[in-house]
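Colleague: I am new to this structure and would like to go through it in questions and answers. Please show it before we begin.

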Amino acid sequence: MKTAASILRPEPGTISPTAPASMAYNFLFLLSCIAVVSSSSHAYVYPPLVEGLSFTFYKSTCPDLESIVRSYLKQLFQSDISVASGLLRLHFHDCFVQGCDGSILLDGSFGGPSEKDAPPNLTLRPAAFKAIDELQTLITQACGPVVSCADIAALAARDSVRSTGGPKYKVPLGRRDGLSYATEEDVLSFLPSPTSNVTALIDVFTELDLTIKDLVTLSGAHTIGIAHCSSFEDRLFPTQDSTLDPIFAEKLYLTCPALNSTNTTVIDIRTPNTFDNKYFVDLLHREGLFTSDQGLYDDSRTKPFVIVFALCQRMFFENFVYSMTKMGQLSVLTGSQGDIRRNCSALNSNLSWYAVDGDGHDGKVF
Ligand code: HEM
C-alpha cells in the first residue's frame with residue numbers, strides 16, 4: 001500500500017486512484033497533510049520546462065516585468081476582484097486551443113471571425129482582455145516591445161491565483177505570439193462543454209497530453225468566478241438532475257427561473273472569491289455547478305482525486321502549480337517562431353503604423 005506521504009507528491013500518477021478507500025486511510029492522510037503543512041517551505045515541484053522557456057527569460061531585457069504586472073493587477077483587483085477569475089479562464093482558453101500563443105486575444109478581421117468570437121469564448125470577460133492590453137502598454141513603455149502577449153496572459157493568470165488566496169508560484173517565460181487564430185471548429189473541439197461527461201473530458205485532456213489528475217486539478221480553478229445560467233440550465237430543465245443536492249437546486253432555480261435566463265451565479269458557493277479547495281468540498285456535497293464538475297465525484301477514475309483535494313488544500317495547491325505549469329506550456333512557440341505582437345489584439349502584419357525590420361518580425365516601433 002502507498003504511504004500517505006507518497007501520495008502527497010505532485011508528480012504525475014502519484015495519487016493512486018484506489019488509495020483513499022477507507023476511513024482509516026483518510027484519517028492517516030489528513031494527519032500527514034497537516035504535518036507536511038507545518039514543516040513545508042512551500043517549494044513547489046514543476047514539470048520539465050519546454051526548450052526555449054525559462055524562469056529568468058526577461059531577466060536582462062525586462063527586469064521589472066513581474067513587478068509591473070503585479071502592481072497593475074493589485075490596483076485593478078482592489079476595485080474589482082472578479083477580473084481575477086476572468087484572467088485565469090482567459091489563459092486556459094488560450095492554451096487549450098492552438099497552444100498558449102495569445103491567439104485568443106486577437107480581434108476578428110476581414111479574414112473572418114476570430115477565436116474570441118467562437119461560442120465558448122463569448123463569456124470571457126471584456127475586463128480581462130482590457131487588462132492584458134493595458135499591461136502590454138505599460139510593459140512596452142518600460143522595456144520596449146520584447147514581452148509576448150502570451151507571456152503577459154500567463155503572468156496575469158498566475159497573479160490572479162495568488163491574489164485570491166492561491167499558491168504563489170513561478171511561471172516559465174519566453175512564449176512567442178501566434179500568427180493566426182484558431183477556427184471555431186478547433187475551439188469547439190478543444191474547449192470542453194460544461195455538459196460533458198467524464199469520458200469526454202478525459203478524451204480532450206488526453207489529446208493534449210494531460211492526465212486524469214490534471215483534469216481534476218485544473219477543474220479546481222472553478223473555486224473562483226461565475227457562470228451564466230446557460231452553462232448549467234440543462235441540469236434544471238426540463239427535469240432536475242438527480243445528482244444535484246435538492247437545496248442547492250432550489251437556489252439555482254431562484255437565479256435561473258426559466259430556460260434562457262441571462263443571469264449569473266457563483267461557481268463555488270462556499271468561498272466564491274477565494275482560491276482554495278472548497279470547490280472540491282462542494283462536489284462532495286453535490287453542489288458542483290456544471291455536469292462536468294459534479295461528474296468528477298461520480299466517476300471512479302476521478303473521484304479519489306476529488307476526495308484528496310477536498311481533504312487537503314496543500315495537496316491541491318501543489319498539484320495545481322504542477323498542472324498549471326504543464327497547461328501553460330502547451331504547444332508554445334519559442335525562439336524565432338511566431339512573433340512579439342505590438343498590439344495584443346492585432347497581428348503585426350495588420351498594423352500599418354509601425355515599421356519592421358527585414359524579416360517582418362522583430363523590428364522596433366519607431
Ligand atoms: C475541465 C473542463 C472545463 C469546463 C467544461 C469548463 C467550463 C466552464 C464554464 C461553462 C464556465 C462558465 C462560463 C459562463 O457561463 O460564463 C467556466 C468558468 C470558469 N472557468 Fe472553466 N471549464 C473547464 C476547465 C477550466 C480550467 C482548466 C480553468 C483554468 C485553469 C478554468 C477556469 C475557469 C474560471 C476561473 C471560470 C470563471 C470565469 C469568470 O468568472 O469569468 N476552467 N468554465
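Modeller: Helices here are DSSP runs of H or I with at least four residues, numbered from the N terminus. Keep in mind that this is a predicted model.

Colleague: How many helices and strands are there in the protein?

Modeller: The protein has 366 residues, of which 43% count as buried. Its secondary structure comes to 14 helices and 2 strands.

Colleague: Which helix gives the largest share of the shell around the ligand?

Modeller: The ligand is surrounded by 24 residues, and the closest are Ser85, Thr123, Ala221, Gly225 and His228. Helix 4 (83–96), helix 9 (212–219) and strand 1 (226–228) each supply at least two residues of that shell. The largest share is 5 residues, and its source is helix 4.

Colleague: How many charged residues does the shell around the ligand have?

Modeller: Sorted by class, the shell has 11 nonpolar and 11 polar residues. The charged residues in the shell number 2.

Colleague: Where does the shell around the ligand lie with respect to the domains?

Modeller: One contributor to the shell is domain 1 (65–189 + 336–350), and another is domain 2 (192–327). Because both domains give residues to the shell, its place is between domain 1 and domain 2.

Colleague: Is helix 6 largely enclosed or largely open?

Modeller: Helix 6 covers residues 149–163, and its 15 residues reach 21 Å from first C-alpha to last, close to the 21 Å expected at 1.5 Å a residue. After the helix comes glycine 165, with a positive phi near 110 degrees. Of the 15 residues in helix 6, 14 are buried, so the rest of the structure leaves the helix largely enclosed.

Colleague: Which helix gives the most to the largest nonpolar core?

Modeller: In soluble globular proteins, nonpolar side chains tend to be buried together. The largest nonpolar core here has 75 residues, and those touching the most other members include Leu87, Ile152 and Phe309. Domain 1 and domain 2 both give residues to this core, so it lies between them. With 9 residues, the helix that gives the most is helix 6.

Colleague: Which residues is isoleucine 152 in contact with, leaving aside its neighbours within four places in sequence?

Modeller: Ile152 is one of the residues that touch the most other members of the largest core. Contact here means C-beta atoms within 7 Å. Leaving aside neighbours within four places in sequence, the contacts of isoleucine 152 are Ile132, Leu135, Gln136, Ile139 and Val147.

Key
Residues numbered from 1 in each chain as written. Predicted model: local features only at pLDDT ≥ 70, side-chain atom pairs only at ≥ 80, totals over all residues. Near = placed C-beta within 6 Å. Nonpolar A, V, L, I, M, F, W, Y, C, P; charged D, E, K, R; others polar. Domains from an automatic or database assignment. Expected span 1.5 Å × (residues − 1). Buried ≥ 20, exposed ≤ 12 C-beta atoms within 10 Å, placed from the backbone. Core = buried A, V, L, I, M, F, W, Y, C linked by C-beta atoms within 7 Å. Contact = placed C-beta atoms within 7 Å.
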